Amino acid sequence: MSLLRLRNLSVEFATTGGRFRAVDQVDLDVDKGDVLAIVGESGSGKSVSMLALMGLLPWTAKVTADEMIFDGHDLSKMSARARRKIVGKDLAMIFQEPMSSLNPCFTVGFQIREALRIHLGMDRKAAQARALELFDLVGIPDPEQRLKAFPHQMSGGMNQRVMIAMAISCNPKLLIADEPTTALDVTIQAQILDLLVRLRDETGMGLVLITHDMGVVAETAQRVSVHYAGQKVEEQPVRPLFRSPHHPYTSALLAALPERATDKRLPTIPGVVPGQFDRPQGCLFSPRCPYADDHCRKVPPAPRGPDLGLARCHYPLNTDERLAS
Amino acid sequence: MLRYVLSRFATFLPTFIGVTLISFAFIRVLPGDPIIVMAGERGMTQERYDELVVQFGFDRPILAQYWDYLTGVLQGDLGNSYVTKRPVWDEFFALFPATLELSICAMIFAVALGLPAGVIAAMNRGKFFDRTLMSTALVGYSMPIFWWALLLIIVFSGNLGWTPVSGRIDLLYYFDDVTGFMLIDSLISGQDGAFTSAVRHLILPTIVLGTIPLAVIARQTRSAMLEVLGEDYIRTARAKGLPPGRINGLHALRNALIPVITVIGLSVGTLLAGAILTETIFSWPGIGKWMVDSIFRRDYPVVQGGLLLIAVMVMVVNLTVDLLYGLINPKIRKR
Ligand SMILES: Nc1ncnc2c1ncn2[C@@H]1O[C@H](COP(=O)(O)OP(=O)(O)OP(=O)(O)O)[C@@H](O)[C@H]1O
Ligand code: SF4
Ligand SMILES: [Mg+2]
């Protein structure tokens with residue numbers, strides 16, 4: 001049984017313009033020690049799906065799922081109180097903006113010890129010792145002094161390390177990292193990613209890495225889930241995905257990678273992710289898809305089989321390779 | 001932190017001089033001659049009048065009068081009351097505890113009810129409790145003080161007879177001032193029922209004076225909380241699995257307090273203005289009533305001195321608030 005098993009997860013927001021489906025029938029599985037990357041352009045529902053799992057969405061969001069099973073517990077059927085025993089302990093998350101994700105009124109030490117005391121019932125001394133150990137682990141120099149610092153006294157990279165230390169403080173089984181490096185300098189980005197992968201190796205936790213960056217995916221992930229306009233449109237292990245993407249959207253994302261670009265200009269996918277009011281009737285990618293025909297525009301495609309990367313497409317690409325093998 | 005404190009103090013002096021100027025000008029702009037008012041219905045001879053004009057220095061140029069006043073003030077001399085001939089300073093400090101006692105009670109009342117009300121409203125945003133509370137606060141805020149006072153007096157003193165209408169304590173009780181605070185002095189005196197009587201006298205003025213700050217604090221707390229609850233660090237706190245009480249009461253409130261404390265500081269000014277009306281209505285022997293009486297008597301030194309001392313108090317409170325900020329929000333402290 002996998003560590004995380006999501007089936008048919010949907011999230012609808014009540015907005016002034018009516019209901020908006022930000023996540024649409026998403027299935028996901030993550031195993032122990034797995035690194036799953038979730039990729040997709042802005043607005044594709046990557047964050048919302050994971051926030052739904054964590055129970056962190058505002059009250060305007062309606063979350064439905066056939067199964068939302070983490071470590072044997074169905075989170076969707078639990079009381080808020082029971083869920084808090086798991087969230088923050090076995091299931092942890094870090095965010096894009098390390099500077100604003102820490103409370104400016106408390107020292108980082110306080111914020112780390114707090115989690116330890118609440119979940120593990122440690123006393124002050126034990127929590128302090130564990131906090132020192134964690135700072136060491138995530139590579140924060142001079143931990144004793146740093147624990148007394150306030151978030152605004154440290155750099156973004158250091159704050160993200162603090163966030164990671166806090167997230168792994170109770171030895172989580174699954175860590176969700178939502179674009180953990182987007183707000184950081186390029187050199188720091190690589191360090192933070194290395195740190196996350198190293199922690200995965202050392203602790204055996206599962207890791208979900210949300211990112212826009214295909215380069216990051218290639219370096220860190222084992223499996224990739226490609227999302228578009230709230231739907232999962234393809235999922236494959238990392239190598240086959242890069243070699244033979246089945247969904248036209250995945251293929252376009254890969255073509256947008258600088259290394260693959262044949263032109264000097266960085267190619268981007270023309271158009272934008274459809275928002276609340278311009279969702280097309282058939283395939284959500286049809287307005288931007290070079291292969292779209294009338295059938296695509298009318299009939300929404302269902303996911304194909306695992307041999308086609310579960311691609312939500314009427315005319316998957318690279319099917320010949322399957323025939324050849 | 002030291003530089004922060006010094007920079008706050010640096011703004012103090014110009015404001016102080018400005019206030020002396022305004023208080024000096026204010027009373028002189030009002031029509032009416034203090035000497036005539038003093039003479040009352042008996043009137044006085046022209047010689048006596050001229051003599052007093054010289055004695056009070058009204059014959060000298062207005063700037064010279066201001067200069068005398070300012071140099072006096074800077075040496076700690078606020079002059080003597082024209083009416084009682086006693087130093088303004090002494091009169092002020094004899095009456096000030098009464099005002100302070102009332103203001104402190106009103107503030108405690110406003111903060112003790114306003115903070116939790118604002119927090120609970122924010123947690124129940126848009127629900128029944130929130131709506132009821134916020135419309136009540138709006139009513140409380142816009143209600144004229146004298147009308148609200150009369151309403152309470154009619155119901156609680158008139159119809160129900162629960163509370164007395166005026167003064168600080170029943171005339172039955174007599175004891176010396178020790179602290180000037182009736183609640184404390186009545187306890188010290190050890191007389192049976194004195195303390196209860198003092199409390200009963202305080203209730204209505206406290207409610208009347210505290211109503212506007214209460215409304216302001218509740219609304220500000222609610223909006224500050226709502227803003228803070230949308231912050232990333234609150235999401236982090238929830239992602240840590242902290243219980244809602246801890247998230248709202250510690251992580252959110254600590255940040256929301258920063259704007260709320262400003263409002264509490266600013267309400268002190270409003271409170272002293274409100275004290276003038278409240279004291280007049282409830283015959284509360286404090287500086288509010290003293291100032292009103294002195295304005296009618298055109299008692300220049302008292303009005304000038306009283307205004308100045310009130311202004312200084314407001315300034316000191318605002319300074320304290322600025323320093324409190326530093327304690328609550330570490331970002332300011334370290335700057
Ligand atoms: N609280 C909310 N109310 C209404 N709509 C929301 C809310 N939060 C997110 N959305 C919408 O849901 C959609 C998906 O948002 P989400 O944040 O999951 O995108 P994302 O894939 O994480 O994008 P990014 O890469 O920019 O982080 C977006 O169109 C967004 O506008
Ligand atoms: S279904 Fe049609 S429009 Fe949609 S991705 Fe496939 S080919 Fe393109
Ligand atoms: Mg996102």
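Which backbone atom, N or O, of which residue lies 2.9 Å from an oxygen atom of ligand 1? I looked this up before anything else, and the residue is G43(A), through a backbone N or O atom.

**Ground rules**

I am working with a predicted model, in which local features need pLDDT of at least 70, side-chain atom pairs count only at pLDDT 80 or more, and totals for chains, interfaces and linings use all residues. Residues are numbered from 1 along each chain as its sequence is written, chains are lettered from A and ligands numbered from 1 in the order in which they are written, and side-chain values use heavy atoms, with hydrogens and water left out.

**Entry 1: ligand 1**

I note for myself that a polar contact is a pair of N or O atoms within 3.5 Å; within protein, one must be able to donate a hydrogen and the other to accept it, and residues adjacent in sequence count only if both atoms are side-chain atoms. Besides G43(A), I looked at G45(A), where a polar backbone atom is 3.1 Å from an oxygen atom of ligand 1. From a side chain, an N or O atom of H212(A) comes to 3.0 Å from an oxygen atom of the ligand. On its own, ligand 1 has 630 Å² of accessible area, and the protein covers 67% of that (Shrake-Rupley method, 1.4 Å probe; for residues, only the protein chains shown count as cover).

Next I looked at the shell, taking a residue as near if one of its heavy atoms lies within 4 Å. I find 14 residues around ligand 1, and the closest are S42(A), G43(A), K46(A), S47(A) and V48(A). By class I have five nonpolar, six polar and three charged residues. My classes are Ala, Val, Leu, Ile, Met, Phe, Trp, Tyr, Cys and Pro as nonpolar, Asp, Glu, Lys and Arg as charged, and the others, Gly among them, as polar.

For elements I use DSSP runs numbered from the N terminus: helices are H or I with at least four residues, strands E with at least two. In chain A, β2 (18-30) and α1 (46-54) each give at least two residues to the shell, and α1(A) has the largest share, with three.

**Entry 2: helix α1(A)**

Is this helix mostly covered or mostly open? It is mostly covered, as eight of its nine residues are buried (buried is under 20% relative accessible area, exposed over 50%, partly exposed in between; 1.4 Å probe, protein chains only). I list K46(A), V48(A), S49(A), M50(A), L51(A), A52(A), L53(A) and M54(A) as the buried ones. After the helix comes G55(A), with a positive phi near 75°.

**Entry 3: cavities**

Rolling a probe the size of a water molecule over the atoms shows where empty space is left. On a 1 Å grid over the protein atoms alone, a cavity is a set of points where a 1.4 Å probe fits but cannot get out, and lining residues have an atom within 4 Å of a point. Grid points are joined across faces, edges and corners, and a volume is the space filled by probe spheres set on the points.

How many cavities of 30 Å³ or more does the structure hold? I count four. The largest has about 100 Å³ of space, and its lining takes in residues of chains A and B, including H119(A), M163(A), T236(B) and K240(B). Two or more lining residues come from each of β7 (91-94), α4 (108-120) and α7 (156-167) of chain A and α11 (232-239) of chain B. The largest share, three residues, is from α7(A). I sort this lining into seven nonpolar, three polar and one charged.

The second largest cavity has about 80 Å³. Its lining includes C283(A), C289(A), C296(A) and C313(A), along with H247(A) and H314(A). Here I have nine nonpolar, three polar and no charged residues.

**Entry 4: single residues**

T107(A) sits in the loop between α3 (98-101) and α4 of chain A, and it is buried at 18% relative accessible area. A polar atom of its side chain lies 3.1 Å from the backbone nitrogen of F110(A).

E235(A) belongs to strand β11 (residues 231-237) of chain A and is buried at 14%. Its C-alpha atom is 9.2 Å from that of I38(A), 197 residues apart along the chain.

D142(A) has a positive phi of about 55° although it is not a glycine. I place D142(A) in the loop between α5 (124-137) and α6 (143-146) of chain A, partly exposed at 48%.

**Entry 5: chain B**

I find 15 helices and zero strands in chain B, and 46% of its 335 residues are buried.

Definitions and conventions: 1 Å grid on protein atoms, 1.4 Å probe; cavity = no way out; pocket = protein on both sides within 12 Å on 5 of 7 lines; lining within 4 Å.
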